Amino acid sequence: MTIIKIVFVIILIYVVSLLFQKNRYYSAAYIAKHSTPGDCWTIVNGKVYNVTQLTKTHSGGPESILSVCGKDGSNIFNGRHGKESFPQSEMETFKIGVSTK
Ligand code: HEM
């Protein structure tokens with residue numbers, strides 16, 4: 001019985017940590033440190049995305065992604081993909097948190 005309780009608590013902690021994972025807060029200064037092709041974060045509409053993988057797989061080429069590493073990419077993203085649902089939904093898979101001022 002005790003073991004079942006321990007396992008339950010471990011699973012609960014794991015699930016709660018997963019829930020909070022995508023809602024971590026990052027400062028713009030901290031995001032700016034992730035500005036290389038091998039470690040590329042960007043802010044789009046207040047949310048923070050780790051788009052390192054996209055620097056290699058983006059269908060529109062790597063340049064547009066590389067241009068927003070460590071920076072706010074909202075204008076570029078919205079300008080190109082603001083009216084497209086696929087890039088917007090796909091970006092959720094890269095979301096790691098929310099940006100603070
Ligand atoms: C998973 C998310 C994304 C998907 C699925 C996606 C998909 C695409 C596709 C298919 C194109 C080519 C469109 C065409 O040539 O007709 C494109 C172009 C482009 N994308 Fe993305 N994209 C994503 C994320 C982003 C992000 C994060 C940015 C920048 C913040 C961005 C900026 C651009 C720009 C500027 C172009 C035009 C490139 C050019 O014409 O030289 N995209 N994207």
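**A guided tour: from the ligand to the strands**

Begin by selecting the ligand: 19 residues surround it, and S59, G60, S64, G73 and E90 come nearest. The helices α4 (62-66), α5 (74-81) and α6 (85-91) are the elements that give two or more residues to this shell. If the shell is coloured by class, nine nonpolar, eight polar and two charged residues appear. Please bear in mind throughout that this is a predicted model.

Next, select residues 39-44, which form strand β3, together with residues 47-50, which form strand β4. These two strands pair in the antiparallel sense, and four bridges link them. Within this pair, W41 stands opposite N50 of β4. Now turn to the two residues between the strands of this hairpin; N45 takes a positive phi there, near 50°.

Keep β4 in view and add residues 95-100, which form strand β5. The strands β4 and β5 run antiparallel and are joined by three bridges. To find one pairing, select V48, whose bridge partner in β5 is G97.

Then display the largest nonpolar core, a set of 13 residues. Inside this core, C40, W41, V48, Y49, V51 and I65 have the most contacts. The elements that give two or more residues to the core are β3 and β4, and the largest share, four residues, comes from β3.

Finally, centre the view on W41. Which residues is W41 in contact with, leaving aside its neighbours within four places in sequence? They are I31, H34, V48, Y49, N50, V51, C69 and G70. One of these contacts, N50, is also the residue that stands opposite W41 in β4.

Note on methods: Residues are numbered from 1 along each chain as its sequence is written. This is a predicted model: local features need pLDDT of at least 70, side-chain atom pairs count only at pLDDT 80 or more; totals for chains, interfaces and linings use all residues. Two strands pair if DSSP finds at least two bridges between them. A nonpolar core is a set of buried Ala, Val, Leu, Ile, Met, Phe, Trp, Tyr and Cys residues joined through C-beta atoms within 7 Å. A residue is buried if 20 or more other C-beta atoms lie within 10 Å of its own, exposed if 12 or fewer, and partly exposed in between; C-beta atoms are placed from the backbone. Two residues are in contact if their C-beta atoms, placed from the backbone, lie within 7 Å. A residue is near a molecule or strand if its C-beta atom, placed from the backbone, lies within 6 Å of it. Ala, Val, Leu, Ile, Met, Phe, Trp, Tyr, Cys and Pro count as nonpolar, Asp, Glu, Lys and Arg as charged, and the others, Gly among them, as polar.
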